[in-house]
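Student: I should be grateful for a close look at one part of this model, set first within the chain as a whole. Please define each term as it arises.

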Amino acid sequence: MQIYELKINKNTCTGCNACVVSCPINFNELRKQSFLNENNAVILVKNGIAVPIYSDEREVNCDGCGVCVKMCPQVAIRIENVESV
Ligand code: SF4
Ligand code: SF4
């Protein structure tokens with residue numbers, strides 16, 4: 001069940017990767033597997049724009065910590081709470 005959904009402003013995102021490298025979940029996955037891809041990352045830059053990635057199939061998804069929001073120089077990320085638990 002998805003709880004947090006990231007909205008990326010495609011008009012202002014520059015694809016700088018700051019969100020990707022600052023995300024603690026991405027960091028943990030990178031430490032475990034030495035790479036980030038669509039299977040383990042919760043946010044990636046694709047075609048020059050940040051893309052949030054969610055999957056019910058895996059144990060870890062975005063926890064809404066907000067680090068990426070703070071680190072984005074373009075203020076291009078917004079977090080929506082899509083489910084209440
Ligand atoms: S930090 Fe902001 S501008 Fe940079 S890739 Fe992420 S969303 Fe885009
Ligand atoms: S809110 Fe936190 S867990 Fe979700 S993508 Fe941003 S930095 Fe990663």
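**The ligand surroundings and their setting**

Tutor: Along its sequence, the protein chain runs in the order β-α-α-β-β-α-β. That pattern comprises three helices and four strands; here helices (H or I, at least four residues) and strands (E, at least two) are DSSP runs, numbered from the N terminus. The model is predicted, so that local features need pLDDT of at least 70 and side-chain atom pairs count only at pLDDT 80 or more, while totals for chains, interfaces and linings use all residues. Residues are numbered from 1 along each chain as its sequence is written, and chains are lettered from A and ligands numbered from 1 in the order in which they are written.

The C-alpha atoms of the protein chain occupy a box of roughly 35 × 30 × 20 Å along the principal axes. Of the 85 residues, 20% are buried (20 or more other C-beta atoms within 10 Å of the residue's own; 12 or fewer is exposed, anything in between partly exposed; C-beta atoms are placed from the backbone). Among the contacts with a separation of 6 or more, 66% join residues 24 or more positions apart (a contact is two C-beta atoms, placed from the backbone, within 7 Å).

Let us now turn to the ligands. Around ligand 1 there are 14 residues, and Cys13, Cys16, Ala18, Cys19 and Cys72 come nearest (a residue is near a molecule if its C-beta atom, placed from the backbone, lies within 6 Å). By class, this shell around ligand 1 contains 10 nonpolar and four polar residues, with no charged ones (nonpolar: Ala, Val, Leu, Ile, Met, Phe, Trp, Tyr, Cys and Pro; charged: Asp, Glu, Lys and Arg; polar: the others, Gly among them). One of the nearest residues, Cys16, belongs to the loop between S1 and H1. Cys16 counts as partly exposed because 16 other C-beta atoms lie within 10 Å. Although Cys16 and Met71 stand 55 residues apart along the chain, their C-alpha atoms are separated by 11 Å. Asn17 is found in the loop between S1 and H1 as well. Its 12 C-beta neighbours inside 10 Å are why Asn17 counts as exposed. The backbone of Asn17 also deserves attention, for its phi is near 85°, a positive value in a residue other than glycine. Most residues other than glycine have a negative phi.

Ligand 2 has 13 residues around it, of which Cys23, Cys62, Cys65, Val67 and Cys68 come nearest. Its shell is made up of 10 nonpolar, two polar and one charged residues. Val67 is part of helix H3, which covers residues 67-71. Because Val67 has 15 C-beta neighbours inside 10 Å, Val67 counts as partly exposed. Beyond the residues up to four places away in sequence, Val67 touches Ser22, Cys23 and Pro24. The pair Val67 and Cys23 shows how the sequence folds back: 44 residues separate them along the chain, yet their C-alpha atoms are 6.2 Å apart.

Pro24, in turn, belongs to helix H2, residues 24-33. With 12 other C-beta atoms within 10 Å, Pro24 is exposed. Outside its neighbours within four places in sequence, Pro24 is in contact with Cys65 and Val67. Pro24 and Cys65 are 41 residues apart in sequence, while 8.6 Å lies between their C-alpha atoms.

Some of these cysteines return in the core. The largest nonpolar core holds 14 residues, and Cys19, Cys23, Ile43, Cys68 and Ile77 have the most contacts inside it (such a core is a set of buried Ala, Val, Leu, Ile, Met, Phe, Trp, Tyr and Cys residues joined through C-beta atoms within 7 Å). Strand S1 (4-8) and helix H1 (18-22) each contribute at least two residues to this core. Ile77 touches Leu6, Ile8, Cys19, Cys68, Val69 and Cys72, when residues up to four places away in sequence are left out. Among the partners of Ile77 are thus Cys19 and Cys72, which are also named among the residues nearest ligand 1. Cys68, another partner of Ile77, is one of those nearest ligand 2.

Finally, a second positive phi occurs elsewhere in the chain. Asn47 lies in the loop between strand S2 (43-46) and strand S3 (49-52), and its phi is near 50°. Asn47 counts as exposed, because it has 6 C-beta neighbours inside 10 Å.
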